[in-house]
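Student: I would like a close look at a single part of this model, with its strands and their partners described carefully. Please take one strand and its pairings as the focus.

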Amino acid sequence: QTGAGDEVEPQSQGVALRGAGVWAPGSLPTPLLWPQVFDAGEMFGIMQVQEVEEESEGEEAREARKKQPNPGGELCYKVIVTSENGLQAADPNSIFLIDHAWTCRVERARQQLQQVPGLLHRMANLMGIEFHGELPSAEAEDLVLEEMWRFNQTYQLAHGTAEEKVPVWYIMDEFGSRIQHSDTPSFATAPFFYMPQQVAYTLLWPLRDLDTGEEVTRDFAYGEADPLIRKCMLLPWVPADLLDFSSSTPEPPDEHYQAILEENKEKLPLAISPVAYPCNHVFKVYTDIQQVLSHLTHPRFTFTQSEADADILYNFSHFKDYRKLSQERPSVLLNQFPCENLLTVKDCLASVARRAGGPEGPAWLPRTFNLRTELPQFVSYFQQREQRGQDNHWICKPWNLARSLDTHITRSLHSIIRHRESTPKVVSKYIESPVLFLREDVGPVKFDVRYVVLLRSVKPLRLFVYDVFWLRFSNRPFALDDLDDYEKHFTVMNYDPEVVLKQLLWGLVPASEPCSPQPCLRLPQAEIFQAFMELFQVACAKPPPLGLCDYPSSRAVYAIDLMLKWDNRPDGKRMMQPQILEVNFNPDCERACRYHPSFFNDVFSTLYLDEPSHCHVTRLV
């Protein structure tokens with residue numbers, strides 16, 4: 001027995017699991033029949049190992065010994081088999097359940113360390129961190145939050161809301177956390193969610209027969225065969241130098257985009273001719289978007305509840321089978337383009353943008369790496385910046401989530417590497433010198449700007465920007481600290497009812513005039529629009545699936561979120577450099593409709609009637 005195995009808190013609330021132990025149920029019947037046997041002491045033992053430095057040991061041997069994986073400070077522990085009969089892999093009873101000592105989502109980790117009694121003390125002891133006093137201290141919290149990435153494991157719920165599917169991270173109990181790494185492991189582990197109890201455990205089972213005294217090990221980079229990727233994945237435990245590896249990230253080959261098309265199960269349309277409707281035609285619109293139903297009042301548009309009767313399909317979800325539609329109903333107009341994921345999915349956005357800026361990317365996009373395919377390049381770049389003493393704050397984002405979900409700011413290389421194990425992510429350079437907005441009630445805060453752009457066609461490229469844009473603000477003064485303080489570092493506040501939302505609408509100005517949300521701040525509108533034009537030009541320059549598909553019946557509305565950072569011009573003067581953060585498909589237009597009821601009339605007139613002249617839009621291309 002390795003612990004008391006007492007009351008278990010519900011995991012769905014993301015609180016600490018109290019109790020530790022290895023369970024050997026033999027089988028998994030109903031909870032009433034499940035014998036909860038704590039027999040770790042009969043099968044395993046935890047050994048504290050003290051490495052003795054021999055006088056004859058050379059410098060090379062000492063350095064190699066320092067690089068041995070050992071989660072948990074200076075003390076070294078090993079788990080060994082103590083059963084007199086050893087363990088047989090074929091024995092159906094040779095499977096064990098390990099309790100989880102702490103389960104959380106990253107954004108709540110600090111709060112739980114502060115509020116859950118005994119959690120900080122237990123984590124510090126488990127990780128080998130010296131802990132003084134009974135009350136939580138900021139220093140101890142920071143150490144645990146840094147060291148936790150050498151212990152964290154992760155799983156994700158397959159069903160539920162976007163919030164519920166955000167990855168969960170957990171730390172195994174003292175027994176599970178002492179199991180060391182080996183490239184040739186003797187055991188395997190996997191998270192296991194037991195539905196009757198609504199509790200997660202870790203399954204532990206032998207991969208081969210073991211004799212008494214043999215060590216229990218697992219592969220910390222399980223499933224990865226590439227030696228270079230394994231080297232990067234094991235960096236939290238085994239230091240490695242990748243300074244000499246190239247950090248260059250050229251655009252992926254054509255096969256990369258073909259694989260994305262197949263993965264998305266998107267069928268490209270056949271070539272069709274543009275459809276010309278009579279100038280007095282009243283379009284029947286089928287939509288499942290309430291904002292359109294409530295605010296589209298233009299007399300040239302009417303709603304229908306039948307998709308089969310519609311002239312325009314304006315859907316919230318992504319359309320997939322363009323081929324069938326082009327064959328059967330080529331005259332039906334859409335609100336999306338084939339292959340538009342090249343803009344709206346963050347890893348694709350970064351890849352396509354390199355057509356404008358080369359392997360480093362354009363000036364208007366933060367330096368971005370795909371953690372799935374460019375991990376060694378990122379590690380090299382991080383270590384190069386570290387060696388040069390440059391700022392190394394980064395932001396990890398899922399490929400395809402909005403509203404800042406599962407998005408984390410960090411300067412920990414270990415944290416970024418481990419985030420790769422949850423969901424597909426990119427990592428982008430965090431803007432350490434943003435242009436700030438002086439809020440009278442708070443002080444200088446971060447802000448971002450949301451523009452709405454209208455794509456009328458790909459060939460020829462016809463692009464418009466809506467004349468009203470939105471500024472969204474953080475709620476606390478900006479500083480490069482407290483990286484888990486959401487209201488200091490993020491601006492998306494409108495989805496949390498407990499958080500104050502501060503935003504400004506600005507616009508309705510000619511494109512030639514810079515807009516000024518406050519006397520000391522003038523947005524570089526020409527540079528912003530130039531960035532938009534360059535992005536869409538490179539995204540539409542190649543045929544699908546390498547670029548957006550030239551489908552004459554497609555139209556689209558996108559929201560582009562950007563920030564401004566301070567940069568230096570060649571003459572040494574400071575300038576505001578736009579930084580595109582993301583492009584959103586079918587954005588939430590609730591604020592646009594609330595403050596400008598003509599918004600969807602303008603959108604539909606521009607996209608479907610080709611009548612932008614009397615609308616609040618500016619033509620970019």
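Tutor: In this predicted model, a good place to begin is a single pair of residues: threonine 368 has serine 428 of strand E19 as its bridge partner. That pair belongs to the pairing of strand E16, residues 368-370, with E19, in which the two strands run antiparallel and are joined by 3 bridges. E19 also pairs with strand E17, residues 394-398, again in the antiparallel sense but here over 5 bridges, and within E19 it is lysine 425 that stands opposite proline 398. Strand E19 itself spans residues 425-429 and is mostly covered, with 5 of its 5 residues buried. Its side chains are divided between two directions, Lys425, Val427 and Lys429 pointing one way while Val426 and Ser428 point the other way, and all of them are buried. Ser428, the partner of threonine 368, is thus found in the group that Val426 shares, whereas Lys425, which faces proline 398, points with Val427 and Lys429.

For a second view of antiparallel pairing, one may turn to an open sheet of 3 strands in the order E5-E7-E6. Strands E5 (100-104) and E6 (153-155) stand at its edges and have a single partner strand each, so one side of each is left without a neighbour in the sheet. From one strand to the next, the twist averages 30 degrees. E6 and strand E7, residues 168-172, are paired in the antiparallel sense over 3 bridges, and tyrosine 155 stands opposite valine 168 in E7. Helix H4, residues 119-127, packs on this sheet, where it touches E5 and E7, and its direction makes about 120 degrees with that of E5.

Terms used:
Residues numbered from 1 in each chain as written. Predicted model: local features only at pLDDT ≥ 70, side-chain atom pairs only at ≥ 80, totals over all residues. Heavy atoms only, no water. Pairing = 2+ DSSP bridges. Helix = DSSP H or I, 4+ residues; strand = E, 2+ residues; numbered from the N terminus. Axes fitted to C-alpha atoms, helices over the stretch in contact; angles between N-to-C directions. Contact = heavy atoms within 4.5 Å. Buried < 20%, exposed > 50% of the residue type's maximum accessible area, 1.4 Å probe, protein only.
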